[in-house]
Amino acid sequence: MNTRVKCKKCEKIAVVRVPYAKLNLCSEHYEEFFERKMLKTIERYRLLRGVEKVLVALSGGKDSLVLLRVLSKYKSVLGVEITGVHIDLGLGEYSEESRRVVLESCRDLGLECYIISLKELLDYTLLELLEKTKRPPCSLCGLLKRYILNTAAIEWNFNAVATGHHLDDILVYRLREMLIGQRESEVLKLAPITRGVQGLYATRIRPLYEVYEWEIKVYSELCKIKHLEKTCPFKYRDEISASIAEMLNKIENKAPGFKIALARRLAKTSLRETPLQQATPCQYCNMPSSSGICALCKLTLKTHGKPMGLILREKLRNIKVNYTENSTAS
Ligand code: AMP
Ligand code: ZN
Ligand code: ZN
């Protein structure tokens, strides 16, 4: 950033350039710009229509903690209650640090938070389950997180689960699936909002749908948002995703704002579809399934020799908010 360029809104020196909006902004006005953008996304896609209680899924990384801070700051304007939830996957030091930063952030914001320990729910950590199943880490972790977050929201009577998925991740994921994927209906779920089905699916909202990863990074630095710098030990980007990201970045550089326009176009297709309505309740636990047995019950029939869905639901029901390190899930 040229050190003599002034902020578009005041006399201060600008510290951020927002190319697609042709704006140079000082720290204070960037903060305002970022928050407004998120609020406008909430309005544009009616993410909070009819919603009173939002469960914010917190990984400990900057995306979800930035999301938490903005939702918390505007909760009275938005007319919602905000509560955090973190799943401790049992990945050693990485999970311990994630859990600590999530608890601290919620405490600093005066918000309640649930901590769910995978080990307490299923008797095994993610590492132990990976060993048992030999499944790819991201697919197993995704399955567990989806089931647990959805079931928790249903059991605790939340109207919506908010996640920190942002523009760059969503576009790469969706284009990858369009080009070589086989799970089109899964991908359609990565819309700004996936409306729930009473008692089966909690509504999922993604308020960072139109927000670039770099915008989150700058906001988190300027607002000094505490978060975990480390990324998940299993995180990797395959070559195809990396090529898609590179191509999108090249177009974005030539035509600033291109990614937002593309995301809006994709939102139109995904909002028209309603893949969730086709789900049928699992015969063991009553949670959603495509074939009569849900993914978690299928998995645990193999790992535990019995379907664990119902037991897991019961344990979730008993978890207390405002978790302290001494309490247990039973
Ligand atoms: P990821 O799939 O790791 O990129 O995460 C996407 C979003 O899922 C994050 O922004 C969070 O909202 C949520 N999430 C990821 N990991 C966790 C976790 N361990 N506990 C709760 N929510 C999570
Ligand atoms: Zn300014
Ligand atoms: Zn089940």
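Helices (H or I, at least four residues) and strands (E, at least two) are DSSP runs, numbered from the N terminus. This is a predicted model: local features need pLDDT of at least 70, side-chain atom pairs count only at pLDDT 80 or more, and totals for chains, interfaces and linings use all residues. Residues are numbered from 1 along each chain as its sequence is written, chains are lettered from A and ligands numbered from 1 in the order written, and side-chain values use heavy atoms, with hydrogens and water left out.

**The ligand site**

Strand β4 (residues 81-88) gives the largest share of the shell around ligand 1, three residues. The full shell is A57, L58, S59, S64, V85, H86, I87, K145, T163, G164 and H165. A residue is near the ligand if one of its heavy atoms lies within 4 Å of it. Four shell residues are nonpolar, six polar and one charged. Here Ala, Val, Leu, Ile, Met, Phe, Trp, Tyr, Cys and Pro count as nonpolar, Asp, Glu, Lys and Arg as charged, and the others, Gly among them, as polar.

The table lists backbone polar contacts to the ligand (pairs of N or O atoms within 3.5 Å; within protein, one must be able to donate a hydrogen and the other to accept it, and residues adjacent in sequence count only if both atoms are side-chain atoms).

| Residue | Ligand 1 atom | Distance |
|---|---|---|
| A57 | oxygen | 2.6 Å |
| I87 | nitrogen | 2.9 Å |
| G164 | oxygen | 3.0 Å |

Taken alone, ligand 1 exposes 480 Å², and the protein buries 78% of that. Accessible areas come from the Shrake-Rupley method with a 1.4 Å probe; for residues, only the protein chains shown count as cover.

**The sheet**

Six strands form an open sheet with mixed pairing, in the order β5-β4-β3-β6-β8-β7. Its edge strands, β5 (112-117) and β7 (193-194), each pair on one side only. Two strands pair if DSSP finds at least two bridges between them. Strands β6 (residues 160-162) and β8 (residues 203-205) pair in the parallel sense over three bridges. V161 stands opposite R204 in β8.

**H227**

H227 sits in the loop between α10 (213-222) and α11 (239-254). A polar atom of its side chain lies 3.0 Å from the backbone oxygen of I225. The H227 side chain also makes a polar contact with the side chain of E229 (3.2 Å).
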